[in-house]
Amino acid sequence: QAQLVESGGGLVQTGGSLRLSCAVSGFTASDRLMAWFRMAPGQEREFVAGIRWNGGGLFYADSAQGRFTISMDDAKNTMHLQMNSLQPEDTAIYYCAADSANGGNWRFAWEYDIWGQGTQVTVSS
């Protein structure tokens, strides 16, 4: 059974850092397209960063570029998102997602069929 479990969220001040983790079970993360999405109250689910480990592909939203780094710990079958220089507008629930089909539409939520339950990130102003 495929499962994604996020961790690492919390409350930080503006300019602070957090590292999110997505523990993968039931499949090998490096074999799939995977991504981080986020959703703030009253907003649509938003792509943050994606990774296709075996293909060496890293993908970032404009809002994440230069501040966030997505990575894969293949030995632990765990994906990470290092978030630096956090701003209040980064406040959201962050979700880990995986695409069983390993497709090409990495920026769209509908591409992904496996989702975690989310971890809350709150950045105080």
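A residue is called buried here when its relative accessible area is under 20%, exposed when that area is over 50%, and partly exposed in between, with a 1.4 Å probe and protein chains only. By that scale Arg38 is buried, with a relative accessible area of 6%. The structure is a predicted model, in which local features need pLDDT of at least 70 and side-chain atom pairs count only at pLDDT 80 or more, whereas totals for chains, interfaces and linings use all residues. Residues are numbered from 1 along each chain as its sequence is written, and side-chain values use heavy atoms, with hydrogens and water left out.

Arg38 is a useful place to start, and its charged partners come next. A salt bridge is taken as a side-chain nitrogen of Lys or Arg within 4 Å of a carboxyl oxygen of Asp or Glu, and the structure holds three of them. Side chains of opposite charge can pair when their charged atoms come close. Arg38 meets the side chain of Glu46 at 2.9 Å, N to O, and Glu46 is partly exposed, with a relative accessible area of 30%. Arg38 also forms a salt bridge with Asp90, where the closest N and O atoms are 3.0 Å apart. Arg38 lies in strand S4 (residues 33-39) and Asp90 in the loop between strand S8 (78-83) and S9, so this pair ties together parts that are 52 residues apart in sequence; strands (E, at least two residues) are DSSP runs, as are helices (H or I, at least four), and they are numbered from the N terminus.

Asp90 itself is buried, with a relative accessible area of 1%, and its carboxyl group has a further partner in Arg67, with which it forms a salt bridge at 2.7 Å, N to O. Arg67 lies in the loop between strand S6 (57-60) and strand S7 (68-73), and Asp90 in the loop between S8 and S9, so the contact ties together parts that are 23 residues apart in sequence. Arg67 counts as buried at 19% relative accessibility. Taken as a whole, Arg38, Glu46, Arg67 and Asp90 are linked in a network of salt bridges.

A covalent link comes next. With a disulfide defined as a pair of cysteine sulfur atoms within 2.5 Å, the count comes to one, and it joins Cys22 to Cys96 with an S to S distance of 2.0 Å. Cys22 lies in strand S3 (residues 18-25) and Cys96 in strand S9 (residues 92-99), so the pair ties together parts that are 74 residues apart in sequence. The torsion about the S-S bond is about -75 degrees, so the disulfide is left-handed, and both cysteines are buried.

Next to Cys96 in the numbering comes Ala97, which is also found in strand S9 and counts as buried at 0% relative accessibility. Leaving aside its neighbours within four places in sequence, Ala97 is in contact (heavy atoms within 4.5 Å) with Leu4, Leu33, Met34, Ala35, Phe37, Tyr112, Ile114 and Trp115. By comparison, Ser63 is 34 residues from Ala97 in sequence and 19 Å from it in space, C-alpha to C-alpha.

The nonpolar side chains can be grouped into cores, each being a set of buried Ala, Val, Leu, Ile, Met, Phe, Trp, Tyr and Cys residues joined through side-chain atoms within 4.5 Å. The largest has 30 residues, and those with the most contacts inside it are Leu4, Met34, Trp36, Met79, Leu81, Met83 and Tyr94. S3, S4, strand S5 (46-52), S7, S8, S9 and strand S11 (119-124) each supply at least two residues of this core. Apart from it lies another core, of nine residues, among them Leu33, Ala35, Phe47 and Trp106.

Strand S8 deserves a closer look: five of its six residues are buried, so it is largely enclosed by the rest of the structure. Two strands are said to pair if DSSP finds at least two bridges between them, and S8 runs antiparallel to S3, joined to it by six bridges, with Leu81 as the bridge partner of Leu20. S7 and S8 likewise pair in the antiparallel sense over six bridges, and here Met79 is the bridge partner of Met72. Four residues lie between the strands of this hairpin, in which Asn77 takes a positive phi near 55 degrees. Beyond four places in sequence, Met79 touches residues including Cys22, Met34, Trp36, Ile51 and Cys96.

Ile51 leads to another hairpin, since Ile51 stands opposite Leu58 in S6. S5 and S6 pair in the antiparallel sense over four bridges, with four residues between them, and Gly56 in the turn has a positive phi of about 70 degrees.
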